[in-house]
Amino acid sequence: MRKKWKWTLFSVLAVLVIAIGYGVWYVYSGYQGLENLQKPKDESRFGQFEEKPEEKPPEWTGTERVNVLLMGGDNRGLEEGETARSDSMLVASFDPATKKVHLFSILRDTYVKIPKHGSNRINAALSLGGPNLAMKTIGDLTGLDIQYYVYADFQGFIKLVDAIGGVDFYVEKDMHYTSKADKHMFDIDLKKGQQHLDGDHALQYVRFRHDAMSDFTRTERQRAFLGAVADKLQSGWNILKLPEILNKVNPYIETNMSVDDMWKLASLGYKSHQAGSAQLPPMDLLADKDVGGSSVLAVSSEDKLKDYVQEVLSQDKTEAAASPSGSASPSPSP
């Protein structure tokens, strides 16, 4: 059970697994690939944003809690200089003292204050001010100091899944969505049942949100699928292909981590276990709100949300998942 949780953590946004989890096996080739993940300003998709002192993320010394904001976005159809809103947002929180890691999924329609930009959906922070503003906004909401970000364009997700030979996965229901307004760029057409998903169909699965629970169930699906990606990445063949995989996904990934930061985080992650995960905001702190004719998700109490985050961080659900005999409980079948 412990190993399963660990690989699920490192699968988040998938590329973080490659960049951090497997880099230790290919020092030379891995170093070159990792180094290219931190883009210079003139090559960055966020190069147009001014770096403001008040948005500068705190430094991590290696001994205190470290938080990493993981973002996925879709840059298809954008003009030069435009930045998409973050489509997916997760925070991985590592505690070096307890060796626990917690994962938080952020609902993208959460209506919050974005520093110096008024109130808006939380996923707008990235397009308004870049990753530093996104880290600051989510940090203000959660009460966490967010030191690092990893951004993956969805084209990189497609490339990754294709590079590892696709993923066998159970699709729990028929999924269909089409839009002429988007020139069918975002159409989804999946059938219920066990399937072999290539990169394009895997992206359709993790993006689907056109059902009764919308983004709530989508975040659950994303975590489940990324766990399957992690299992596939454990195969010896894909470990041997690490340099090739890095070369294929590098153009679509950015981070503010230096290679030294990645090594430190890799060492911490190897010694840690995922102690739990949660949706933010939780259901009991959500309220529907109408803004300009559009429905958004309001937070009923930001103070209570921060308290909830601390409560989750104090838990260790891996212990609760064990049976009285000490063995792990079996996972439910699809």
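# Briefing: a mixed sheet and its salt bridges

Glu254 and Arg45 form a salt bridge in which the closest N and O atoms lie 3.3 Å apart. This pair links distant parts of the chain, with Glu254 in strand 11 and Arg45 in the loop between helix 3 (27–35) and strand 1, 209 residues apart. The model is predicted. Its chain holds 13 helices and 14 strands, and 53% of the 334 residues are buried.

**The chain as a whole**

- Among contacts with a separation of 6 or more, 70% are between residues 24 or more positions apart.
- The chain exposes about 15600 Å², and carbon and sulfur atoms supply 51% of this area.

**The open sheet**

- An open sheet is built from 6 strands in the order 11-6-1-2-3-12, and its pairing is mixed.
- Strand 11 (253–255) and strand 12 (273–280) stand at the edges with a single partner strand each, so one side of each has no neighbour in the sheet.
- On average, neighbouring strands of this sheet are turned by 15 degrees against each other, direction ignored.
- Strands of a sheet pair through backbone hydrogen bonds, and the pairing is either parallel or antiparallel.
- Strand 1 (residues 66–73) and strand 2 (residues 88–95) run antiparallel and are joined by 7 bridges; one of the residues involved, Met71, has Met89 in strand 2 as its bridge partner.
- Strand 1 and strand 6 run parallel and are joined by 6 bridges, and Leu70 has Val150 in strand 6 as its bridge partner.
- Strand 6 pairs with strand 11 in the antiparallel sense over 3 bridges, and Ala152 stands opposite Ile253 in strand 11.

**Strand 6 and the helices across the sheet**

- In a regular strand the side chains alternate between the two faces of the sheet.
- Both faces of strand 6 are covered: Tyr148, Val150 and Ala152 are buried on one side, and Tyr149, Tyr151 and Asp153 are buried on the other.
- Accordingly, 6 of the 6 residues in strand 6 are buried.
- Helix 5 (residues 131–142) lies across strand 1, strand 2, strand 3 (100–106), strand 6 (148–153) and strand 12, and runs at about 120 degrees to strand 1.
- Helix 6 (residues 154–163) lies across strand 1, strand 2 and strand 6, and runs at about 75 degrees to strand 6.

**Salt bridges**

- Side chains of opposite charge can pair when their charged atoms come close.
- The whole structure contains 8 salt bridges.
- In the pair described at the start, Glu254 is buried because its relative accessible area is 2%, a value under 20%.
- Its partner Arg45 counts as partly exposed, at 21% relative accessibility.
- Another salt bridge joins the side chains of Glu54 and Lys116 (3.0 Å, N to O).
- That pair also links distant parts of the chain: Glu54 is in the loop between helix 3 and strand 1, and Lys116 is in the loop between strand 4 (110–113) and strand 5 (119–121), 62 residues apart.
- Glu54 counts as partly exposed at 39% relative accessibility, whereas Lys116 counts as exposed at 69%.
- The side chains of Asp95 and Arg65 also meet in a salt bridge (3.3 Å, N to O).
- Asp95 lies in strand 2 and Arg65 in the loop between helix 3 and strand 1, so this pair ties together parts that are 30 residues apart in sequence.
- Asp95 is buried, with a relative accessible area of 15%, while Arg65 counts as partly exposed at 22% relative accessibility.
- Asp87, Arg108 and Arg207 are joined into one network by salt bridges that share partners.

Technical notes
Residues numbered from 1 in each chain as written. Predicted model: local features only at pLDDT ≥ 70, side-chain atom pairs only at ≥ 80, totals over all residues. Heavy atoms only, no water. Pairing = 2+ DSSP bridges. Helix = DSSP H or I, 4+ residues; strand = E, 2+ residues; numbered from the N terminus. Axes fitted to C-alpha atoms, helices over the stretch in contact; angles between N-to-C directions. Contact = heavy atoms within 4.5 Å. Buried < 20%, exposed > 50% of the residue type's maximum accessible area, 1.4 Å probe, protein only. Areas by Shrake-Rupley, 256 points an atom, 1.4 Å probe, with all protein chains shown as cover. Salt bridge = Lys/Arg side-chain N within 4 Å of Asp/Glu carboxyl O.
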